Amino acid sequence: MSAPARARGRFITLEGGEGAGKSTQARRLGAFLEQRGLDVVMTREPGGSPGAEILRHVLLSGGAAPFGPEAETMLFAAARRDHLAVTILPALARGAWVICDRFADSTRVYQGHAGKVPLDVIMAIERVTVGENRPDLTLILDLPAKVGLARVASRGETTDRFEKEGIAFHNKLRAGFKAIARAEPERCRLIDAGGEADVVAEAIREAVTAHFGLGARLVAS
Ligand code: Z5A
């Protein structure tokens with residue numbers, strides 16, 4: 001995969017711990033932008049392309065864990081590279097707005113900050129995998145870990161490999177995402193995700209319109 005020319009579209013990622021409301025808010029943001037006539041592509045990680053969806057199953061079932069944290073990280077990276085090549089970059093090249101539920105910051109935080117892989121290794125893999133194709137805007141949905149876990153538990157679904165981790169792991173996730181927001185303020189916006197979904201959605205719309213200078217054209221609905 002050679003480095004593409006600067007894409008014409010916009011690349012927005014949503015990040016945060018379990019139950020922060022990423023999927024809910026990604027859908028709302030997608031609808032908001034579509035209503036304004038924009039070409040929107042909704043996608044997620046791990047997954048987002050046929051090949052990466054196969055790796056998603058391996059990763060979230062815990063099937064990759066026995067190979068060790070570095071190998072698991074490389075599988076996330078392999079899925080991301082396919083996702084970029086097959087889904088994200090072609091969409092950006094045609095001018096679409098890509099909204100992605102989790103991306104490389106999740107690797108930094110889950111496998112790095114809260115996991116067992118040194119951050120310099122994580123960043124080296126990220127440079128190879130993502131290169132210049134970083135998000136234009138990352139919305140980091142922040143709320144106490146126990147609130148997010150309670151939301152997930154209330155769905156009554158079976159838990160995956162990462163949801164089974166203890167509260168200390170989930171507190172480290174929150175701290176890791178906040179550290180990224182502090183370190184990269186030009187790319188990241190920290191969003192208080194503890195309120196009602198409507199309130200969070202409004203904060204996200206404001207962040208997106210301000211970041212891209214879209215002004216009244218998109219704010220008025
Ligand atoms: N992972 C990784 O380790 N490394 C990587 O590089 C990548 C990922 C890319 C993917 O899981 C897992 O892979 C993830 C990290 C790891 N860890 N886990 N587990 P996933 O895609 O299956 O799940 P998730 O990304 O963690 O999403 P989630 O737990 O389903 O939560 P969410 O998308 O943030 O929230 P939601 O589905 O929108 O909402 C959760 C519930 O809360 C739901 O019932 C909503 O109706 C409710 N909700 C949403 N918003 C609100 C508000 N504002 N108030 C009250 N209730 C709400």
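Trainee: What makes the approach of Arg102 to the ligand a polar contact?

Mentor: A polar side-chain atom of Arg102 lies 2.6 Å from an oxygen atom of the ligand. A polar contact is a pair of N or O atoms within 3.5 Å; within protein, one must be able to donate a hydrogen and the other to accept it, and residues adjacent in sequence count only if both atoms are side-chain atoms. The Arg102 pair therefore qualifies. The model is predicted: local features need pLDDT of at least 70, side-chain atom pairs count only at pLDDT 80 or more, and totals for chains, interfaces and linings use all residues. Residues are numbered from 1 along each chain as its sequence is written, and side-chain values use heavy atoms, without hydrogens and water.

Trainee: Which other residues make such contacts with the ligand?

Mentor: Among them are Ser23, with a polar side-chain atom 2.6 Å from a ligand oxygen, and Ala197, with a polar backbone atom 3.3 Å from a ligand nitrogen. On its own the ligand has 1100 Å² of accessible area (Shrake-Rupley method, 1.4 Å probe), and the protein covers 83% of this area.

Trainee: Why is Glu45 classed as buried or exposed?

Mentor: Glu45 has 6% relative accessibility. Buried means under 20% relative accessible area, exposed over 50%, and partly exposed in between (1.4 Å probe, protein chains only), so Glu45 is buried.

Trainee: What contacts does the side chain of Glu45 make?

Mentor: The side chain of Glu45 forms a polar contact of 2.7 Å with that of Arg80 and one of 2.8 Å with that of His83.
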